[in-house]
Amino acid sequence: MNKVDIIAALDPDNDPATLFALADNIRREELGDGVHLRGLIEFSNHCRRRCYYCGIRAGNARVRRYRLTADQILGCARTAARLNYKTIVMQSGEDNHWGPRELADMVAKVKQETGLAITLSVGEHSKEDYKLLRAAGADRFLLRFETSDRRLFSMLKPDSDYDNRFRCLAWLKEAGFQVGSGVMAGLPGQTLESMADDILMFKQLELDMVGIGPFIANPDTPMAGAVGGSLDLSLRMVALARIVTRNTHIPATTAMGSIDPQGRQKALRCGANVLMPNISPTEHRVDYSLYPGKICTNEAPEQCAGCVDAMLGALGRHRAQGYGHTLKANV
Ligand code: SAH
């Protein structure tokens, strides 16, 4: 698909039925009906950055800050193994107390005890630190570029650098990680043209994983009151990401489930093949408040597992076997 076709497919005036059906077919051909479950551990909401959209940004005094201990993280990983998840995703703000060295020790411990695949989502670090984390046993890394629009990026992330974000993605690949990136859909000022560039960027970066979710305005941020992204737009982005990248792993994200009770189910039917059930301790879930209305904050990990299996059954899908590593030929 070229840029003109992609823009047309994103246009809310065009019926998305054919687009969604095509994406669903490609998903089935490339990945089958198995859905990979990745247990999400939100291990710290401390962050040194001030991204305008994000509820856990530095300086937001309304957030009750927490940080899991090494034992608590290990406990979450054991829960994941017990629930028969094959991958954990360790996500946090950019927390100086859980720096690369501490994280590397943690990763090694989890790996040794559980053998789970480990994905990190801990923001921007140096090339050496990425190598350290990879050597410790982390398999994958998620770092969304958030938007391919340079101007919009610098408005949303006043203390980050657009070029550095992409440099980090290159370093991650060089370090041998399976790399995931992605964007928010429906950011204020984001045009259909820039979203078409996002899609083409997914392909150009040769990503292993692509994550897309609607922007949801957080009342405790400078973007309070902004209009959020729609589910329709997010689904079109998911479908296009599937069509253009073909065999990447694409999650039906929590943000989609948070703006529509059927959001994740709909994403699974137009290109997505991954779910990320929360395995964080229930007491802290509400404090990992990137955006309001986040689902599953009152549930325990076991409940989320039951809910997700029921969701898959209702869709005629099933848990995929194996670790769900990248399907790209280079690994
Ligand atoms: N700190 C790490 C990862 C944690 S945030 C990093 O920056 O990479 C995970 C993702 O949540 C972000 O990449 C962003 O795309 C998304 N996010 C943050 N605030 C959001 C909001 N208000 N609405 C929707 N998604 C949001």
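Guide: Exposed means over 50% relative accessible area, and buried means under 20%. The model above is predicted. Start with helix 4, residues 100–114.

Visitor: Which residues of helix 4 are exposed?

Guide: Arg101, Asp105 and Gln112 are exposed. They sit on the other side of the helix from its buried residues.

Visitor: Which residues of helix 4 are buried?

Guide: Pro100, Leu103, Ala104, Met106, Val107 and Val110.

Visitor: What makes the buried residues of helix 4 line one face?

Guide: Look down the axis of helix 4. The buried residues fall within an arc of 165°, so they line one face of the helix.

Visitor: What do those buried residues pack against?

Guide: Two of the partners are helices: helix 3 (70–82) and helix 5 (127–135). The buried residues also pack against strand 1 (34–44), strand 2 (87–92) and strand 3 (117–121).

Visitor: How does the reach of helix 4 compare with the expected span?

Guide: Helix 4 has 15 residues. From first C-alpha to last, it reaches 20 Å. The expected value at 1.5 Å a residue is 21 Å, and the reach is close to that.

Visitor: What follows helix 4?

Guide: Gly115 does, and its phi is positive, near 70°.

Visitor: Why is Val110 called buried?

Guide: Its relative accessibility is 0%. The cut-off is under 20%, so Val110 counts as buried.

Visitor: What does Val110 touch, leaving out residues up to four places away in sequence?

Guide: Val110 touches Leu74, Ala77, Ile88, Gly115 and Ile118. That list includes Gly115, the residue that follows helix 4.

Visitor: How far apart are the C-alpha atoms of Val110 and Leu40?

Guide: They are separated by 14 Å, with their positions 70 residues apart along the chain.

Visitor: Now helix 6. Why does Leu152 count as buried?

Guide: Leu152 is found in helix 6, residues 150–156. Its relative accessibility is 5%, under the 20% cut-off, so it counts as buried. Leu152 touches Thr147, Leu187, Pro188, Gly189 and Gln190, with residues up to four places away not counted. Ser194 is 42 residues from Leu152 in sequence and 9.7 Å away, C-alpha to C-alpha.

Visitor: Why are helix 2 and helix 9 called oblique?

Guide: They pack at an angle of about 45°. Roughly parallel needs under 35 degrees, and roughly perpendicular runs from 65 to 115. The angle fits neither range, nor over 145, so the two helices are oblique to each other. Their axes are 9 Å apart.

Visitor: What is the handedness of the crossing, and which residues make the contact?

Guide: Helix 2 passes helix 9 in a left-handed crossing. Helix 2 brings Leu19, Phe20, Leu22, Ala23, Ile26, Arg27 and Leu31 to the contact. Helix 9 brings Leu235, Arg236, Ala239, Leu240, Arg242 and Ile243.

Visitor: What makes the phi of Glu206 worth a look?

Guide: Most residues other than glycine have a negative phi. Glu206 is not a glycine, yet its phi is positive, about 50°. Glu206 lies in the loop between helix 8 (192–204) and strand 6 (209–214). At 53% relative accessibility it passes the 50% cut-off, so it counts as exposed.

Visitor: Why is Arg246 called partly exposed?

Guide: Its relative accessible area is 33%. That value lies between 20% and 50%, so Arg246 is partly exposed. Arg246 also has a positive phi, near 60°, and is not a glycine. Its place is in the loop between helix 9 and helix 10 (254–259).

Notes: Residues are numbered from 1 along each chain as its sequence is written. This is a predicted model: local features need pLDDT of at least 70, side-chain atom pairs count only at pLDDT 80 or more; totals for chains, interfaces and linings use all residues. Side-chain values use heavy atoms; hydrogens and water are left out. Helices (H or I, at least four residues) and strands (E, at least two) are DSSP runs, numbered from the N terminus. The expected span of a helix is 1.5 Å times one less than its number of residues. Buried means under 20% relative accessible area, exposed over 50%, partly exposed in between (1.4 Å probe, protein chains only). The arc is that of the directions from the helix axis to the C-beta atoms. Contact means heavy atoms within 4.5 Å. Axes are lines fitted to C-alpha atoms, for helices over the stretch in contact, and angles run from 0 to 180 degrees between N-to-C directions. A crossing is left-handed if the near helix is turned anticlockwise from the far one by less than a right angle, and right-handed if clockwise.
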